[in-house]
Amino acid sequence: MARWEKRKRVELQAKLRTITAEQEHWLALSAARHPMEKHNSQVRSVTAYLRPMVDLLTEDVAHSADLSATWRELERQVLDVHQVWGFFRDKWALRRLEEYSRYLVLADEFAWACYEPAQLHAVAGGTVGMEAVREPPLVYLGPVDGPMTLARGDSIATEIPPESLQSRTARALIRRLPLPVVAVPWYQLRHLPEALIIGHEVGHAVLVDFVGLDTVQQVVDRRAAELGQCMARRDAWCAWAEESFADVYGVLCGGPAYLDTLEDFLPAESPELATGDDAYPPRLLRLALAAGALEAARCEQAAEQVRASWAMDDIPVAEVDGYGIAVEMGRALVHGPYPGFGTRGDRQLRLDDVITCTAQCDTGRQPQRLLKKWKPKTKDIRTLLAVAAEAFRSDPDSFVHPVVQDNILERAALIQQPGTRYRAQVDRKGAVGADLTLVSELYQILIRDQDR
């Protein structure tokens, strides 16, 4: 009979191999011409992010001089890695279930269509390398009451409470998210127009990856000063700069349909939304800002139509205190400039040079045809969602017919083209390489853990 120490060492190695076996399974499933190929760079990024921890633990299990003293701590660390890996794996696994996959295809494709233009302009402008921003945002259904973004480099401590993790190593892992993630409420599965709010959430990822909050605050503060605003109001708009930028980005992703959806998304009866808070402008100022952005993006007629719809719904946007400056802030945030996207000729790019909503401002008869159960023909996921939102606004009862919903989801699946989005750099065997800097950092944390 094998001795206890031998059995325990093999047991721990088997538990570690469970992680690597799962990772290899998802790497294969996300390879080119396989079902999850659209998530190839995400799977590779997360695998490379966690592999150093697995490698270090494998070494410790193999070479521990006194396993009777260390096995419990090693097992806890193995469990922690499983928990962090599970945060990502569970979101990909949901895409393997048909009940959820059709919506998530639509959401993924829309998030990518919103993110990719900024990514390509920043890479072409030489301000960031593709390897640093290759992974698109990962959209997932979660227990949230509204969409929420965790940007690249953010902590996921709110998703995996640190107190549930046993080791400092794992707590360090959750402080550095390797790719952006966007949570959307479960109920969006049955209300497709609200997916347009994902454009706002992608705006947060774009700000972190390519723009920088300082740049946005400078744009806001400069325009407020030009308009002769007092310091208190200038400070307020600087505090609202990130969410204001995300709203403007949402406008450029979805056009007037984003404003219509935002109007419904921000209920008037909420005192917090009516007065704003430290992060968000008040509801009516957000709508005014979005209309100003739509005008600045050369969609003046669409902006006027949106304002007419507010009048029809008795929404007093134009009467709110600060309306004029909110409109000007929307315009200013479109104009920029944004050095992170490089230059065109002798000028820095405006935000609508990076992504424009002109197609979403002119959807023609498509919303009416959609309501008559015609299959959409557009090849643009952003236009598809704009058409869906306009159709819902004009006739909600007809829009919720299952055939209309199926036609939208079916078209989204057809819009998504085959092929991986960006393939990671791999060796000749296709293996994922570990991040050597992260290996060193984690090793130092492990040493400190063992010294305690």
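**Exercise 1. A buried pair**

Task: Decide whether Asp352 and Arg350 are buried or exposed, then find how their side chains are linked.

Solution. Start with the surroundings: Asp352 is buried, and Arg350 is buried too. Keep in mind as you go that you are working with a predicted model. Next, look at the charged groups: Asp352 and Arg350 form a salt bridge, with their closest N and O atoms 2.8 Å apart. This fits the definition, because a salt bridge needs such a nitrogen and oxygen within 4 Å.

**Exercise 2. One helix or two?**

Task: Work out where the partners lie in the salt bridges Lys15–Glu11 and Asp221–Arg234.

Solution. Take Lys15 and Glu11 to begin with. Their side chains meet at 2.7 Å, N to O. Both belong to helix α1 (residues 4-29), and they are separated by about one helical turn because they are 4 residues apart. Now check how open they are: Lys15 has 30% relative accessibility, so it counts as partly exposed. Glu11, at 28%, is also partly exposed.

Move on to Asp221 and Arg234, whose side chains meet at 3.0 Å, N to O. Asp221 sits in helix α7 (residues 213-226) and Arg234 in helix α8 (residues 231-239), so this pair ties together parts that are 13 residues apart in sequence. Asp221 is partly exposed at 22% relative accessibility. Arg234 is buried, because its 19% falls under the 20% cut-off.

**Exercise 3. From pairs to a network**

Task: How many salt bridges does the whole structure have, and which residues are linked in a network of them?

Solution. A search of the whole structure gives 32 salt bridges. The residues linked in a network are Arg223, Glu226, Glu295, Glu304, Arg307, Glu328 and Arg331.

**Exercise 4. Into the nonpolar core**

Task: Find which residues have the most contacts inside the largest nonpolar core, and which helix gives the most to it.

Solution. The largest nonpolar core holds 100 residues, and those with the most contacts inside it are Tyr103, Ile198, Val206, Phe210, Tyr249 and Phe341. Helix α4 (residues 98-124) is the biggest giver, with 13 residues. Zoom in on Tyr103: leaving aside residues up to four places away in sequence, Tyr103 touches Leu141, Val184, Gln188, Leu189, Leu192, Ala195, Ile198 and Leu409. There is also a second, separate core of 38 residues, including Val46, Met53, Val81 and Phe88.

**Exercise 5. An enclosed space**

Task: What is the volume of the largest cavity, and which residues line it?

Solution. The structure has 1 cavity of 30 Å³ or more. The largest cavity has a volume of about 30 Å³. Its lining is made of His39, Gln42, Asp108, Trp112, Pro136, Pro137 and Arg421. Sort these residues by type and you should get 3 nonpolar, 2 polar and 2 charged.

**Exercise 6. Backbone surprises in loops**

Task: Locate the loops that hold Pro337, Arg298 and Asp314, and describe the backbone there.

Solution. Begin with Pro337, in the loop between α14 (323-335) and β4 (343-344). A cis peptide bond joins Gly336 to Pro337, with omega about 10°.

Next comes Arg298, in the loop between α12 (283-296) and α13 (300-312). Phi of Arg298 is positive, near 70°, in a residue other than glycine. Arg298 is exposed, with a relative accessible area of 51%.

Finish with Asp314, in the loop between α13 and α14. Asp314 is not a glycine, yet its phi is positive at about 55°. At 68% relative accessibility, Asp314 is exposed.

How values were computed: Residues are numbered from 1 along each chain as its sequence is written. This is a predicted model: local features need pLDDT of at least 70, side-chain atom pairs count only at pLDDT 80 or more; totals for chains, interfaces and linings use all residues. Side-chain values use heavy atoms; hydrogens and water are left out. A nonpolar core is a set of buried Ala, Val, Leu, Ile, Met, Phe, Trp, Tyr and Cys residues joined through side-chain atoms within 4.5 Å. Buried means under 20% relative accessible area, exposed over 50%, partly exposed in between (1.4 Å probe, protein chains only). Helices (H or I, at least four residues) and strands (E, at least two) are DSSP runs, numbered from the N terminus. Contact means heavy atoms within 4.5 Å. On a 1 Å grid over the protein atoms alone, a cavity is a set of points where a 1.4 Å probe fits but cannot get out, and a pocket is an open set with protein on both sides within 12 Å along at least five of seven lines; lining residues have an atom within 4 Å of a point. Grid points are joined across faces, edges and corners, and a volume is the space filled by probe spheres set on the points. Ala, Val, Leu, Ile, Met, Phe, Trp, Tyr, Cys and Pro count as nonpolar, Asp, Glu, Lys and Arg as charged, and the others, Gly among them, as polar.
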